[in-house]
Amino acid sequence: MGLKYRIIVSRGYRFTVYRDWRYTAAPVITRIGRIPREPSKECLMKQWIGLLGLALVLHAAPARAEVRTPKLEVTIVAPQDAKTVKWAEDAKKLTQKWYPKIVEILGVEQPVDPLRIKLVFRKMEGVAYSSGREIHVSTDWIEQHPDDIGLVVHELTHQVQSYPDYDPSWVTEGIADYVRWWCYEPKSPRSPINFSRAKYSDSYRTTAAFFHWIEVKNPGFIKTLSDVMLKNTYGDDRWSQWANAPIDDLWAQFKADSQKPVKK
Ligand SMILES: [Zn+2]
């Protein structure tokens with residue numbers, strides 16, 4: 001049996017090289033096979049190329065691990081008629097595609113383990129809601145509005161948000177509609193805001209449009225606001241820190257900008 005030598009390659013990965021030809025690599029170091037007494041030059045060359053390749057892979061591995069794509073596991077609970085099953089499958093695909101995107105938009109750190117949610121389709125009042133790790137969708141609604149699949153993006157945003165307290169709810173809902181209408185469906189037609197009645201706290205689409213306007217002027221605003229909600233430190237008096245002006249001034253500017261005549 002030949003003598004063995006140890007060399008440190010990088011980042012604590014240790015390679016053990018046997019004098020003759022066999023080697024193996026850390027972190028699991030075990031000697032493999034028998035060591036032949038007279039290895040050929042070609043054999044030695046192949047082993048060193050293999051060692052170099054392994055070193056490169058191990059060197060690169062931690063860097064790749066840092067860019068972890070958040071994973072989602074979805075279970076469907078639905079009546080078994082063909083239309084609902086098809087809609088539910090499409091919704092599942094949409095959630096899996098958009099989960100990492102929403103995580104990126106909000107900048108909310110997700111657990112290492114996959115997020116496990118249930119998509120429940122059933123007869124119920126209303127359109128859809130998110131509760132715990134479940135998203136419930138009205139079967140009557142999807143039958144009457146089969147193209148409204150974007151509602152799933154709104155509800156999935158609530159799953160990503162997971163704020164300890166959804167208060168103020170207009171911020172939580174405004175962010176969810178911002179993700180749906182300005183990130184997922186940015187080209188969808190929008191009815192104009194009636195500024196004689198509208199308020200920034202109207203929630204949903206009005207708030208979403210306002211948030212979009214702020215985000216364009218202050219890139220990173222949505223992430224900041226989401227972080228504030230996550231830390232439960234929201235305050236009406238803090239808007240100057242997040243968007244460089246008090247909220248009433250921002251709303252007034254948004255109103256003025258939105259009412260400018262569109263250049264043709
Ligand atoms: Zn909502």
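User: Which strand pairs with β5 over five bridges, and in what sense?

Analyst: In this predicted model, β5 pairs in the parallel sense with strand β7, residues 134-138, over five bridges. Within this pairing, Val120 stands opposite His136 in β7.

User: How many bridges join β4 and β5, and what lies opposite Leu72?

Analyst: β4 and β5 are joined by six bridges, in the parallel sense. Leu72 stands opposite Leu115 in β5. The chain passes from β4 through α2 to β5, and the handedness of this β-α-β crossover is left-handed.

User: How should one read the length and the bend of helix α2?

Analyst: A helix can be judged by setting its end-to-end span against the expected rise of 1.5 Å a residue. Helix α2 covers residues 82-106, 25 residues in total, and reaches 35 Å from its first C-alpha to its last, close to the 36 Å expected. The helix nevertheless bends by about 40° at Trp98, and Pro100 follows within four residues. Just after α2, Gly107 takes a positive phi of about 65°.

User: Which residues of α2 are buried, and what covers them?

Analyst: An α-helix has 3.6 residues a turn, so residues three or four places apart point the same way. In α2 the buried residues are Trp87, Ala88, Ala91, Thr95, Trp98, Tyr99, Ile102, Ile105 and Leu106. Their cover includes the strands β4 (72-77) and β5 (115-122), together with the helices α3 (139-144), α4 (151-161), α5 (169-184) and α7 (221-230).

User: What is the span of α5, and how many of its residues are buried?

Analyst: The end C-alpha atoms of α5 are 21 Å apart, which agrees with the 22 Å that its 16 residues should span at 1.5 Å a residue. This helix is mostly covered, with 13 of its 16 residues buried.

User: Which residues have the most contacts inside the largest nonpolar core?

Analyst: In soluble globular proteins, nonpolar side chains tend to be buried together. Here the largest nonpolar core has 44 residues, and those with the most contacts inside it are Ile102, Leu119, Leu156, Ile175, Tyr178, Val179 and Phe210. Leaving aside neighbours within four places in sequence, Leu119 is in contact with Val74, Ile76, Ala88, Ala91, Lys92, Ile135 and Val137. For the protein chain of 264 residues, buried residues make up 24%.

User: Where are backbone angles to be inspected, beginning with the positive phi of Ser162?

Analyst: Most residues other than glycine have a negative phi, and most peptide bonds are trans. Ser162 is not a glycine, yet has a positive phi of about 40°. Ser162 is placed in the loop between α4 and α5. The loop between α4 and α5 also holds Pro168, and the peptide bond from Asp167 to Pro168 is cis, with omega near 0°. Asn244, another residue other than glycine, has a positive phi near 65° and is found in the loop between α8 (239-243) and α9.

User: Why is Asp147 classed as it is, buried or exposed?

Analyst: Asp147 is exposed because 6 other C-beta atoms lie within 10 Å, and the limit for this class is 12 or fewer. Asp147 lies in the loop between α3 and α4. Its C-alpha atom is separated by 9.5 Å from that of Trp87, 60 residues apart along the chain.

User: How many C-beta atoms surround Ala252 within 10 Å?

Analyst: Ala252, in helix α9 (residues 247-259), has 13 other C-beta atoms within 10 Å and is therefore partly exposed. Ala252 and Tyr200 are 52 residues apart in sequence and 9.8 Å apart in space, C-alpha to C-alpha.

Conventions. Residues numbered from 1 in each chain as written. Predicted model: local features only at pLDDT ≥ 70, side-chain atom pairs only at ≥ 80, totals over all residues. Core = buried A, V, L, I, M, F, W, Y, C linked by C-beta atoms within 7 Å. Buried ≥ 20, exposed ≤ 12 C-beta atoms within 10 Å, placed from the backbone. Contact = placed C-beta atoms within 7 Å. Helix = DSSP H or I, 4+ residues; strand = E, 2+ residues; numbered from the N terminus. Expected span 1.5 Å × (residues − 1). Bend = angle between axes of the 7 residues up to and from the residue. Pairing = 2+ DSSP bridges. Right-handed = clockwise from strand over helix to strand, strands pointing away.
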